[in-house]
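Open the model in a viewer with a cartoon representation and keep the selection panel at hand. The stops below go from the whole chain to single residues.

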Amino acid sequence: MKTLGAVLAGGRSSRFGSDKALAMLDGRSLLDHALAALAPHCDAMIIVGRGEIADWPRVDMGPLGGMAGALIHAAGAGFDRVLSAPVDCVKLPGDLRALLEPAPAFLDTQPVIGLWPVAALSDLKAMLENEGDLAVRAYARRIGARAVQSDFVPPNINSTADLDRLAAS
């Protein structure tokens, strides 16, 4: 099984007030931290929502748009699944892949951190085209993904104050 790592990096965050991916923590961007945290668990990495890999079907679809872009890319590049993480996830558990095996599964504390089979892409496309409930948990329910319990609680950076608290810890 080949796993593609996807950092969902979107653009400007309304709650954060600017482009969260470019915010700095300990001298590195959040995007750099997220890539470093996810890379050990994957065969290859992509950044979704910037450059070559776009959200699908368009921007402003939330995390599911980024996941769809990642799954489409993975399908075309010969990957079986995508391990996703948000751009503000600067730390991940060392046993992440083992926690999420077998796919589909996600961390209950942060559902955007998940292992998603490329075979479930058509379900995601149908959800996004319908534009009903676009929550990651709704997609997870639709494809029968497991919510995995873990002692690990990923940092959640939704504001500059959250970033300041993380930097001070």
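## Whole chain

Read from the start of the sequence, the protein chain follows the pattern β-β-β-α-β-α-β-α-β-β-α-α-β-α. This is a predicted model. Its secondary structure comes to six helices and eight strands. With the C-alpha trace displayed, the span along the principal axes is about 40 × 30 × 25 Å. The radius of gyration of the protein chain is 15 Å, which agrees with the value near 15 Å for a compact globule of 169 residues.

## The sheet

Select the strands of the open sheet, which has six strands in the order 4-1-5-7-6-8, with mixed pairing. Its edges are strand 4 (44–48) and strand 8 (146–148), each of which pairs on one side only. From one strand to the next, the twist averages 25°.

Now select residues 81–86 and 110–117, which are strand 5 and strand 7. These two pair in the antiparallel sense over four bridges. Which residue of strand 7 stands opposite V82? Show side chains and find W116.

## Helices on the sheet

Add residues 30–38, which form helix 1. Helix 1 lies across strand 1 (3–8), strand 4 and strand 5, and runs at about 160° to strand 1.

Next, select residues 136–143 for helix 5. This helix lies across strand 6 (105–107) and strand 7, running at about 35° to strand 7.

## Helix against helix

Keep helix 5 and add helix 4 (residues 121–130). The two pack at an angle of about 135°, with their axes 10 Å apart. They are therefore oblique to each other. Helix 4 passes helix 5 in a right-handed crossing. To see the contact, show L121, D123, L124, A126 and M127 in helix 4 together with A138, Y139, R142 and I143 in helix 5. By class, this contact has seven nonpolar, no polar and two charged residues.

Then hide helix 5 and bring in helix 2, residues 63–77. Helix 2 packs with helix 4 at an angle of about 145°, and the axes are 10 Å apart. Is the crossing of helix 2 with helix 4 left-handed or right-handed? Helix 2 passes helix 4 in a left-handed crossing. On the helix 2 side, select L64, G65, M67, A68, L71 and I72; these meet L121, L124, K125, M127 and L128 in helix 4. The contact of helix 2 with helix 4 has nine nonpolar, one polar and one charged residues.

L121, L124 and M127 of helix 4 appear in the contact with helix 5 and also in the contact with helix 2.

## Backbone stops in the loops

Most residues other than glycine have a negative phi, and most peptide bonds are trans. The last three stops depart from this pattern.

- Select D26, in the loop between strand 2 (24–25) and strand 3 (28–29). Its phi is near 55°, a positive value in a residue other than glycine.
- Select W56 and P57, which are joined by a cis peptide bond with omega about 5°. P57 sits in the loop between strand 4 and helix 2.
- Select E101 and P102, where another cis peptide bond has omega about -10°. The place of P102 is the loop between helix 3 (96–100) and strand 6.

How values were computed. Residues are numbered from 1 along each chain as its sequence is written. This is a predicted model: local features need pLDDT of at least 70, side-chain atom pairs count only at pLDDT 80 or more; totals for chains, interfaces and linings use all residues. Side-chain values use heavy atoms; hydrogens and water are left out. Two strands pair if DSSP finds at least two bridges between them. Axes are lines fitted to C-alpha atoms, for helices over the stretch in contact, and angles run from 0 to 180 degrees between N-to-C directions. Contact means heavy atoms within 4.5 Å. Angles under 35 degrees count as roughly parallel, over 145 as roughly antiparallel, 65 to 115 as roughly perpendicular and the rest as oblique. A crossing is left-handed if the near helix is turned anticlockwise from the far one by less than a right angle, and right-handed if clockwise. Ala, Val, Leu, Ile, Met, Phe, Trp, Tyr, Cys and Pro count as nonpolar, Asp, Glu, Lys and Arg as charged, and the others, Gly among them, as polar. The radius of gyration is taken over C-alpha atoms; the globule rule is 2.2 Å times the number of residues to the power 0.38.
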